[in-house]
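Student: I have a structure open and would like to learn how to read it. Could we go through it together, one question at a time?

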Amino acid sequence: MANDAPPRWDRRMQQRLARGEAAALGELYDRYASLVHHLAHRVLEDEPAADRVTREVFGYVWENPDAYDPKQGSLRSWMAMLTHRQAVHRLRRAQSASADEDAPTTEDLEERIREASVAARADYIVTSMPAPLRAALELAYFDRRDYRQAAAALGVTEDEARRRLRLGLQLLSTAHVQPPRAVSPPGYGRAL
């Protein structure tokens with residue numbers, strides 16, 4: 001699974017991209033295209049626009065592999081950040097280009113961006129959390145099981161199932177917290 005990739009994989013991928021290995025871009029695309037597209041679609045709510053953002057993000061990564069700093073976090077997180085920034089930029093640009101009365105107000109647009117950001121962070125938190133927590137949450141949410149049923153399905157005690165559900169929900173509750181504002185990579189945020 002992509003979120004289980006060791007940091008060593010991230011560094012090797014960056015080195016391969018820097019050498020211009022097209023196969024590396026293909027592997028990166030196979031691993032992260034669905035994440036990038038999903039995040040872009042969450043913000044833009046438009047399939048063709050999400051497709052364009054996906055192409056732009058992978059194009060940026062291909063042309064600027066050294067912009068990624070493994071010391072700052074995982075390659076997955078960096079690509080998610082790039083995607084979010086590009087999608088928000090595209091959304092704002094589209095909104096400012098539209099002078100119609102039907103166009104959403106700036107406040108509506110900002111609220112939509114905030115909601116998409118929270119949803120994207122929640123998605124990232126779920127995919128990044130340890131597998132035992134994620135499994136307990138999936139049983140409770142998707143299969144509508146209570147902690148007793150989840151414990152039986154997971155083969156753990158009821159106390160352990162409650163602990164996993166509580167920790168998973170605590171992690172998810174942080175999705176609404178606004179992360180510190182990071183600086184965009186040079187040249188990013190305009191049409192790529």
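Tutor: Gladly! A helix here is a DSSP run of H or I with at least four residues, numbered from the N terminus. With that in hand, H37 can be placed in helix α2. Please keep in mind that this is a predicted model.

Student: How many helices and how many strands does the protein have?

Tutor: Follow the elements from the N terminus and you read α-α-α-α-α-α-α-α. The count for the secondary structure is therefore zero strands and eight helices.

Student: Is H37 buried or exposed?

Tutor: Start with the surroundings of H37 in helix α2. Apart from neighbours within four places in sequence, H37 contacts E47, A50, D51 and T54. Its relative accessible area is 19%, and the cut-off for buried is under 20%, so H37 is buried.

Student: What share of the 192 residues in the protein is buried?

Tutor: Residues such as H37, with a relative accessible area of 19%, belong to the buried group. Among the 192 residues of the protein, that group makes up 36%.

Student: Which helix gives the most to the largest nonpolar core?

Tutor: In soluble globular proteins, nonpolar side chains tend to be buried together. In this model the largest nonpolar core has 33 residues, and L28, Y32, V61, L75, W78 and M79 touch the most other members. At least two residues each come from α1 (7-18), α2 (22-44), α3 (47-63), α4 (75-97) and α5 (106-128). With ten residues, the helix that gives the most to this core is α2.

Student: Which residues does M79 touch, not counting residues up to four places away in sequence?

Tutor: M79 is one of the residues that touch the most other members of the largest nonpolar core. Leaving out residues up to four places away in sequence, the residues it touches are L28, Y32, V36, V57, F58 and V61.

Student: How many residues are in the second, separate core?

Tutor: Look for A122, M129, L133 and L165, which are among its members. The size of this second, separate core is eight residues.

Student: What separates the C-alpha atoms of L75 and R11?

Tutor: L75 sits in helix α4 and is buried, with a relative accessible area of 2%. Not counting residues up to four places away in sequence, L75 touches W9, D10, M13, L28, Y32 and Y68. Along the chain, L75 and R11 are 64 residues apart, but their C-alpha atoms are separated by 8.4 Å.

Student: Of the contacts in the protein with a separation of 6 or more, what share comes from residues 24 or more positions apart?

Tutor: The contact between L75 and W9 gives you a taste of touching across the sequence. Among contacts with a separation of 6 or more, the share from residues 24 or more positions apart is 65%.

Student: Are α6 and α7 parallel, or are they oblique to each other?

Tutor: Two packed helices are described by the angle between their axes and the distance between the axes. For helix α6 (residues 131-141) and helix α7 (residues 147-154), the angle is about 130° and the axes are 9 Å apart. Angles over 145 degrees would count as roughly antiparallel and 65 to 115 as roughly perpendicular. The value for α6 and α7 fits neither range, so the two are oblique.

Student: By class, which residues make up the contact of α6 with α7?

Tutor: From α6 come A135, A136 and L139, and they meet A150, A153 and L154 in α7. By class, the contact has no polar residues, no charged residues and six nonpolar residues.

Student: How are α6 and α8 placed, parallel or perpendicular?

Tutor: α6 and helix α8 (residues 158-173) pack with axes 8 Å apart, at an angle of about 95°. That angle falls in the range from 65 to 115 degrees, so α6 and α8 are roughly perpendicular.

Student: Which helices do the buried residues of α6 pack against?

Tutor: The buried residues in α6 are L133, R134, A136, L137 and L139. Their packing partners are α5, α7 and α8.

Student: What is the phi of R144?

Tutor: Most residues other than glycine have a negative phi, and most peptide bonds are trans. R144 is in the loop between α6 and α7 and is exposed, with a relative accessible area of 65%. R144 is not a glycine, yet its phi is positive, at about 55°.

Technical notes: Residues numbered from 1 in each chain as written. Predicted model: local features only at pLDDT ≥ 70, side-chain atom pairs only at ≥ 80, totals over all residues. Heavy atoms only, no water. Axes fitted to C-alpha atoms, helices over the stretch in contact; angles between N-to-C directions. Parallel < 35°, antiparallel > 145°, perpendicular 65-115°, else oblique. Contact = heavy atoms within 4.5 Å. Nonpolar A, V, L, I, M, F, W, Y, C, P; charged D, E, K, R; others polar. Core = buried A, V, L, I, M, F, W, Y, C linked by side-chain atoms within 4.5 Å. Buried < 20%, exposed > 50% of the residue type's maximum accessible area, 1.4 Å probe, protein only.
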